[in-house]
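How does one read a protein model feature by feature, from its overall dimensions down to single residues? The dialogue for that purpose begins once the model is in view.

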Amino acid sequence: MKIGRNDPCPCGIGKKYKKCCLLKTSIAMQAKNPEIKYNKQFNRYESDLDHHYANFNNQGCDYTDSKPYLGKIKCRLVHEAGNSIIIPDYLLLKNGWIQPLHFTAPFFYKLDEKSIGCDFFIDIQNGETIKVRFYNYQLLKTYQDKSQLFECEIFGPADIEDYACGEYEKFDDKIYFKLYHHTNEGSYKGITSSKTLRSSKWNYRGSKECINYHFAYFTHIPEVKYSNDLITVAMSADGNIDYIVDSFVLPRVMPRDYRKRFENSIYTAKVYRSTTTDRNHTIEFLIPLELLDVKHIYLHHQSNLFFYEMCFPYIHRIKLKANSILPFTDDFRIEYNDGIATSEYSIIGDARNKEGLAAPFEEDETSFIYKIEDCGNESIHDFWFGHENKDLFTGKNVEKLKIKDVDDNPTK
């Protein structure tokens with residue numbers, strides 16, 4: 001259960017959490033335990049006992065007039081019923097990449113008949129909200145997964161490169177992310193000796209078996225050391241992760257039977273049971289940017305603000321045809337092969353109700369979806385203005401992920 005920085009402080013004094021108990025706790029922890037440090041890269045407080053991953057959703061940008069940093073953005077145009085938005089997959093800096101955590105709907109504007117701009121706000125680590133601006137003429141590449149890569153201006157903190165959550169390398173003008181696969185000793189030996197990674201048949205929470213597509217799972221966390229590291233990759237030692245609806249007001253003291261008492265406001269995901277000792281062998285891979293599958297998102301409505309949250313921001317996966325394998329080279333580089341599939345849609349869970357919170361975890365037949373647009377040779381900007389006020393959702397046929405319940409799943 002997480003409290004946002006701008007949420008009312010649960011102590012009841014009336015201040016925002018970031019100005020009250022979060023600040024007091026941080027100062028007190030630092031004073032008593034100077035070894036506790038905040039890690040910008042992974043958005044967490046670290047000590048020798050645990051990692052605490054912060055939940056910042058500031059949604060207020062202090063850098064709109066700052067000197068812009070020149071970077072790149074990989075994004076895609078998507079449609080939900082009655083609405084279109086842009087999903088920011090990744091931001092690329094000179095020294096690495098950033099995973100967006102929250103974002104707002106885009107704002108498009110025409111400068112003249114040929115130049116179209118787009119601005120939107122993205123939350124990154126440390127409670128920072130940045131503004132990203134990119135134009136139609138800055139389009140660099142359109143990928144097979146229907147996403148596009150643009151040069152962009154990033155209005156953010158002067159030390160923006162300290163926020164890079166991962167590294168990348170370039171080969172033949174292709175961008176490869178450095179990502180990790182954490183496993184046990186037996187699987188590590190099998191994977192490294194065969195130079196092959198087998199696809200997983202399980203959905204995100206490990207509760208249901210996927211039929212028509214399987215997945216290969218990765219993360220940018222280099223080590224699964226503590227229980228909170230497990231939770232970031234949708235696993236848990238006790239098999240539970242709690243999510244609360246947007247309207248829920250945290251009590252001053254959470255009762256022990258909170259799941260039962262607040263059952264209408266709390267969704268408890270029964271997830272893949274695992275321990276850190278089951279994930280103590282790590283393989284580092286280089287994966288082409290365009291092979292990483294689109295992420296699910298949540299729609300939030302808090303006070304008078306609508307914004308979107310990236311689901312499972314620490315998980316990156318490749319979608320594959322059922323029972324496919326993923327070969328890699330001697331330098332652990334993965335390349336495209338015929339077994340790799342591309343998503344036509346993804347899930348948008350409404351965080352105002354339990355069914356919406358559950359949707360990204362379940363991944364089965366659901367009405368909570370958005371469909372990915374193929375802009376062809378046009379930029380997202382040009383396509384947007386060329387198809388304004390049109391229903392681009394209803395007529396798109398997509399192949400949904402088919403899954404089934406099984407008794408022998410990893411959540412048991």
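What follows is a conversation between a learner and a teacher about this predicted model.

Q: How many helices and strands does the protein have?
A: The protein has six helices, alongside 29 strands. Its radius of gyration is 21 Å, close to the 22 Å that the globule rule gives for 412 residues, so the protein is as compact as a globular protein of that length. Taken along the principal axes, the box filled by its C-alpha atoms is roughly 60 × 55 × 40 Å.

Q: What percentage of the residues is buried, and what supplies the exposed area?
A: Of the 412 residues, 55% are buried. The protein exposes about 19200 Å², and carbon and sulfur atoms supply 48% of that area. As for the contacts between residues at least 6 apart in sequence, 68% of them join residues at least 24 apart.

Q: In what order do β1, β2 and β3 lie in their sheet, and is the pairing parallel or antiparallel?
A: The general idea is that strands of a sheet pair through backbone hydrogen bonds, either parallel or antiparallel. Here the three strands form an open sheet in the order β1-β2-β3, with antiparallel pairing. Because β1 (37-39) and β3 (51-53) stand at the edges and each has a single partner strand, one side of each is left without a neighbour in the sheet. From one strand to the next, the twist averages 25°. Between β2 (residues 44-46) and β3 there are three bridges, and Glu46 has His51 in β3 as its bridge partner.

Q: Which residues of strand β10 are buried on its two sides?
A: In a regular strand the side chains alternate between the two faces of the sheet. In β10, Thr129, Lys131, Arg133 and Tyr135 are buried on one side, while Ile130, Val132 and Phe134 are buried on the other. Since seven of the seven residues of β10 (residues 129-135) are buried, the strand is largely enclosed by the rest of the structure.

Q: Which strands pair with β10?
A: β9 (residues 116-123) pairs with β10 in the antiparallel sense over seven bridges, and one of the bridge partnerships joins Cys118 to Phe134 in β10. The hairpin of β9 and β10 has five residues between the strands, and in this hairpin Asn126 takes a positive phi near 65°. β12 (residues 148-155) also pairs with β10 in the antiparallel sense, over three bridges, with Glu153 in β12 as the bridge partner of Arg133.

Q: How many disulfides does a search of the whole structure find?
A: A disulfide is a covalent bond between the sulfur atoms of two cysteines. The search finds zero disulfides in this structure. For Cys165, the closest cysteine sulfur is that of Cys152, and the 14 Å between the two is too far for a bond. Cys375 is likewise in no disulfide, the nearest cysteine sulfur being that of Cys75, 9.2 Å away. Cys165 is buried, with a relative accessible area of 3%, and Cys375 is buried with a value of 6%.

Q: Where is Phe368 placed, and with which residues is Phe368 in contact?
A: Phe368 lies in the loop between α5 (354-362) and β28 (369-372), and at 22% relative accessibility it counts as partly exposed, because buried means under 20%. Leaving aside neighbours within four places in sequence, its contacts include Ser346, Ile348, Asp350, Asn353 and Ala359. Asp350 is 18 residues from Phe368 along the chain, and their C-alpha atoms are separated by 7.5 Å.

Methods: Residues numbered from 1 in each chain as written. Predicted model: local features only at pLDDT ≥ 70, side-chain atom pairs only at ≥ 80, totals over all residues. Heavy atoms only, no water. Pairing = 2+ DSSP bridges. Helix = DSSP H or I, 4+ residues; strand = E, 2+ residues; numbered from the N terminus. Axes fitted to C-alpha atoms, helices over the stretch in contact; angles between N-to-C directions. Buried < 20%, exposed > 50% of the residue type's maximum accessible area, 1.4 Å probe, protein only. Contact = heavy atoms within 4.5 Å. Disulfide = S-S within 2.5 Å. Rg over C-alpha atoms; globule rule 2.2 N^0.38 Å. Areas by Shrake-Rupley, 256 points an atom, 1.4 Å probe, with all protein chains shown as cover.
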